[in-house]
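Reader: I would like a close look at one part of this structure: how the strands are paired and what lies beside them. Please take it step by step and state the cut-offs as you go.

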Amino acid sequence: MTENLVAVAVTPDGSVAAHAGRALRWMIYDLSADLTPAWTLDLTQTSCLHEWHVRGDGDRHPLHFVDIAIAASAGEGVRRRLQERNTTLLTTTESNPQKAIEAYQAGTLPEGAPHEACCA
């Protein structure tokens, strides 16, 4: 595993956010250090992944600086656009961000529900 920076979308109560595109807070973990969040990325409504994706202006997004992004669900368009800049977006049914990071590192991160099931 060569990824060092992993972002987890979180809700105000601290659980893994249901929708990557609508998440306004991301906890950034540096896997080369301990497993406490190294940074918090707070986005506005106009800078969330969904708005960035539909705007389609080609600008970089702050999540392009992480290797892996994790949320409960994500649309294929957002996944594809992040991957264009080498950020892989994974989904999970794990609701605890710390456990999601641990499972990711162990290669046991449970896959999230289809995007349509979350956000229909």
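Author: Start at one cross-strand position: Ile28 stands opposite Trp39 in S3. This is a predicted model, in which local features need pLDDT of at least 70 and side-chain atom pairs count only at pLDDT 80 or more, while totals for chains, interfaces and linings use all residues. Residues are numbered from 1 along each chain as its sequence is written, and side-chain values use heavy atoms, with hydrogens and water left out.

Strand S2 (residues 25-30) runs antiparallel to strand S3 (residues 37-42), and five bridges join them. Strands count as paired if DSSP finds at least two bridges between them; helices (H or I, at least four residues) and strands (E, at least two) are DSSP runs, numbered from the N terminus. With six residues between them, S2 and S3 form a hairpin.

Strand S4 has parallel partners. Three bridges join strand S1 (residues 5-10) to S4, with Val6 opposite Ile68 in S4. Four bridges join S4 to S5, also in parallel, and here Ile68 stands opposite Thr88 in S5. Between S4 and S5 the chain passes through H2, in a β-α-β crossover that is right-handed: with the strands pointing away from the viewer, the path from the first strand over the helix to the second runs clockwise.

In a regular strand the side chains alternate between the two faces of the sheet. Within S4 (residues 68-71), Ile68 and Ile70 point one way, Ala69 and Ala71 the other way, and all are buried. Buried means under 20% relative accessible area, exposed over 50%, and partly exposed in between (1.4 Å probe, protein chains only).

Helix H2 (residues 76-83) has Gly77, Val78, Arg81 and Leu82 as its buried residues. Seen down the axis of H2, they fall within an arc of 130° (taken from the directions from the helix axis to the C-beta atoms), so they line one face of the helix. Their cover includes helix H1 (49-55) and strand S5 (88-91), judged by contact, meaning heavy atoms within 4.5 Å. The charged end of Arg81 sits over the ring of Trp52, 4.2 Å from its centre; this requires NZ of Lys or CZ of Arg within 6 Å of the ring centre and within 35 degrees of the ring normal.

Asn86 lies in the loop between H2 and S5. Asn86 has a positive phi of about 70° although it is not a glycine, and at 59% relative accessibility it counts as exposed.
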